[in-house]
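Q: I'm new to this one and would like a close look at a single part of it. Could you walk me through the open sheet and then show me what goes on around it?

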Amino acid sequence: MVDFSQRRLSPWSKAPAGTGSMTGLGADGTSPMSVASFRFYAELNDFLSDKEESREQVRQFDVGGSVKDFIESFGVPHTEVDLVLVNGHPVDFSYTVRDGDRVSVYPVFESLDISSVSRVRREPLRDLRFVADVHLGRLAAYLRLAGFDVRYGNSASDAELARVVAREGRVLLTRDRYLLMRAEVSRGYWVRSTEPRQQLLEVVKWFDLGGSMRPFTRCLKCGTALREAGWEAVRERVPPGVRGRNAFRLCPTCQRVYWEGSHYVRMRTLLAWVKAEAS
Ligand SMILES: [Zn+2]
């Protein structure tokens, strides 16, 4: 597949107003132009401007590219797309767009029964593990708090994030839609909200994780699964005054110790809210 980031960003120009139909001549008056039309459904309209939303979009082009590149030229990352129909037939992302094609682009869309047609995604999103981009540190911690496996580093480059997705099959969480357009990023989600607690709720809802939450089972700092530990194992790592509590958890990677301290109630309240809102 073509790496979009290595191409000129706009290989196709938008059809000027009033030239939605085939004119027969290109802008230079010599080469014949091809025309394809695109329609985006449901949440994919989040990526379009108000003017473009829910309308048929026309693209003129002289060289056909992959349908992935065409879709992303509208600002819609391929990771948000679950099904592409061309003239009513499902295609994969490598399909080369031809003159006269009518392209329908659907998001992950549960109410639409598309079980009988093949989707563009190579594998279903099972075994959900995440990698969060550098701007989503709070969301990463909240997801860990809820028990999900999240990789996060505050200095990871875009290329490193893309490699983690490709190598480990993780879902990339980001607010940067252009990061999701990289070809090696086959699983990703563009986080709409800017507020961390709302982001947590959004991700739990989007991936239907309400029933998979395992609160307080992972290290918030490094994401490792915690182990139960007795007082003797943790006594040198906790402040005086917590001895009376007997439920400790220890991170085997970074040695951080967790117990039901003052933050615990607040965190439990947050997770209860997410669970209630997501169900
Ligand atoms: Zn840790």
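A: Sure, let's take it step by step. Keep in mind that this is a predicted model. For orientation, the protein has six helices and twelve strands, and 30% of its 279 residues count as buried. If you take the contacts between residues at least 6 apart in sequence, 60% of them join residues at least 24 apart.

Now to the sheet you asked about. Four strands make up this open sheet, and reading across it you meet them in the order β7-β6-β8-β9, with parallel pairing. The edges belong to β7 (150-152) and β9 (188-190); each has a single partner strand, so one side of each is left without a neighbour in the sheet. On average, neighbouring strands here are turned by 25° against each other, direction ignored.

Let's zoom in on the β7 end. Strand β6 (residues 130-132) runs parallel to β7, and three bridges join them. If you want a pair to find by eye, look for Ala132, whose bridge partner in β7 is Tyr152. There's a helix to spot here too: α2 (residues 137-145) lies across β6, β7 and β8 (171-174), and runs at about 150° to β7.

Elsewhere, the strands pair in another way. Strand β3 (residues 81-86) pairs with strand β5 (residues 102-107) in the antiparallel sense, over five bridges. Within that pairing, Leu83 of β3 stands opposite Tyr106 in β5. β3 also pairs in the antiparallel sense with strand β4 (residues 89-91), this time over three bridges, and there Leu85 has Pro90 of β4 as its bridge partner. Together β3 and β4 form a hairpin with two residues between them, and Asn87 in the turn has a positive phi of about 50°.

Finally, here's a pair of helices to look at. Helix α4 (residues 196-206) packs against helix α6 (residues 262-278) at an angle of about 45°, with the axes 10 Å apart. That angle makes α4 oblique to α6, and their crossing is right-handed. On the α4 side, the contact is made by Arg197, Leu200, Leu201, Val204 and Lys205, while α6 brings in Leu270, Val274, Glu277 and Ala278. Sorted by type, the residues of this contact come out as six nonpolar, three charged and no polar.

Definitions and conventions:
Residues are numbered from 1 along each chain as its sequence is written. This is a predicted model: local features need pLDDT of at least 70, side-chain atom pairs count only at pLDDT 80 or more; totals for chains, interfaces and linings use all residues. A residue is buried if 20 or more other C-beta atoms lie within 10 Å of its own, exposed if 12 or fewer, and partly exposed in between; C-beta atoms are placed from the backbone. Two residues are in contact if their C-beta atoms, placed from the backbone, lie within 7 Å. Axes are lines fitted to C-alpha atoms, for helices over the stretch in contact, and angles run from 0 to 180 degrees between N-to-C directions. Angles under 35 degrees count as roughly parallel, over 145 as roughly antiparallel, 65 to 115 as roughly perpendicular and the rest as oblique. A crossing is left-handed if the near helix is turned anticlockwise from the far one by less than a right angle, and right-handed if clockwise. Ala, Val, Leu, Ile, Met, Phe, Trp, Tyr, Cys and Pro count as nonpolar, Asp, Glu, Lys and Arg as charged, and the others, Gly among them, as polar. Two strands pair if DSSP finds at least two bridges between them.
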